[in-house]
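Got the model open in your viewer? Set it to cartoon, keep the selection box handy, and we'll walk through it stop by stop.

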Amino acid sequence: MEARAPRPGVPVRGSESGRPVMAALDLLGRRWTMRILWELSQAPAGFRELQRRCEHMSSSVLSTRIEELTGARLLAPDGDGYCLTRLGQDLMEALNPLNAWSRRWAEEMGPATAGGVE
C-alpha cells in the first residue's frame, strides 16, 4: 500500500478545509517526520544510515515516512540514498524562526527537572 502524504486542497487530519498550512501541519506532525527532515538537512543518507541516525526507528515507519515525504516532494532519491529537494530545503529554512523562538522559550522556562516541575 502506497503511503499518501497530505496535500493542499484535500481535507486532512483536523481540518476539512484543505488549506495548505493545515496540510503542511498534518504532514509535519506525523511521528518521526521532523527528525527525518532534520537529519537529511545535515547530509544526504541511505536508508540504513538514516535509520541509524533516527535512533533505530522501525524500518516500516521509516519506509512509510520516506514515501510520504517523497510524495510531498520534500525528499528525492539521491544515488544510494535520499536528500532534501529544493522545496524541502526551503521548508527547513522557513523553520529557522521557530527554532530561534524555541531557544528563547527554553531560556525563559529555565532548567528542566526530572518531573517537569521546579
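Start with the whole chain in cartoon: you should find 6 helices and 2 strands, where helices are DSSP runs of H or I with at least four residues, strands are runs of E with at least two, and both are numbered from the N terminus. Follow the sequence and the pattern reads α-α-α-α-β-β-α-α. This is a predicted model, so local features are taken only at pLDDT of at least 70 and side-chain atom pairs only at pLDDT 80 or more, while totals for chains, interfaces and linings use all residues. Residues are numbered from 1 along each chain as its sequence is written, and side-chain values use heavy atoms, with hydrogens and water left out.

**The overall view**

Zoom out until everything fits. Along the principal axes, the C-alpha atoms take up a box of roughly 45 × 35 × 25 Å. Now colour by burial: of the 118 residues, 32% are buried (buried is under 20% relative accessible area, exposed is over 50%, partly exposed is in between, with a 1.4 Å probe and protein chains only). Switch on the surface and you have about 8000 Å² of accessible area, 55% of it from carbon and sulfur atoms (Shrake-Rupley method, 1.4 Å probe; for residues, only the protein chains shown count as cover). If you list contacts (heavy atoms within 4.5 Å) with a separation of 6 or more, 40% of them are between residues 24 or more positions apart.

Next, colour by charge. There are 15 positive and 15 negative side chains, and the centres of the two sets lie 4 Å apart. For that count, Lys and Arg are positive, Asp and Glu are negative, and His and the chain ends are not counted; each charge is placed at NZ of Lys, CZ of Arg, CG of Asp or CD of Glu.

**Stop one: helix H1 and Asp26**

Select residues 20-28, which make up helix H1. Its buried residues are Ala23, Asp26, Leu27 and Leu28, and they pack against H2, H4 and helix H5 (86-94).

Now pick out Asp26. Is Asp26 buried or exposed? Asp26 is buried, at 5% relative accessible area. Beyond its neighbours within four places in sequence, Asp26 touches Pro6, Val12 and Arg13. Show the Arg13 side chain too: Arg13 and Asp26 form a salt bridge, with the closest N and O atoms 2.7 Å apart (the rule is a side-chain nitrogen of Lys or Arg within 4 Å of a carboxyl oxygen of Asp or Glu). Arg13 sits in the segment before H1, so this pair ties together parts that are 13 residues apart in sequence. At its end of the bridge, Arg13 is exposed, with 54% relative accessibility.

**Stop two: more salt bridges**

How many salt bridges are there by this rule? The count is 10. Select Arg35 and Glu55 next, whose side chains meet at 3.2 Å, N to O. Arg35 is in helix H2 (residues 33-42) and Glu55 is in the loop between helix H3 (47-53) and helix H4 (59-71), which puts the pair 20 residues apart. Arg35 is partly exposed at 26%, while Glu55 is exposed at 56%.

Move along to H4 and show Glu68 and Arg65, another salt bridge, at 3.1 Å between the closest N and O atoms. The two are 3 residues apart in helix H4, so about one helical turn separates them. Glu68 is buried at 5%, and Arg65 is buried at 11%. Then widen the selection to Arg35, Glu39, Glu49, Arg52, Arg53 and Glu55: salt bridges with shared partners join these into one network.

**Stop three: positive phi**

Go back to Glu55 and check its backbone. Glu55 is not a glycine, yet its phi is positive, about 55°. Then jump to Arg73, in the loop between H4 and strand E1 (75-78). Arg73 also has a positive phi, near 65°, and Arg73 is exposed, at 59% relative accessible area.

**Last stop: the cysteines**

Select Cys54 and Cys83. How many disulfides does the rule give? With a disulfide taken as a pair of cysteine sulfur atoms within 2.5 Å, the count is 0. For Cys54, the nearest cysteine sulfur is that of Cys83, 15 Å away. Cys54 is buried at 0% relative accessibility, and Cys83 is buried at 18%.
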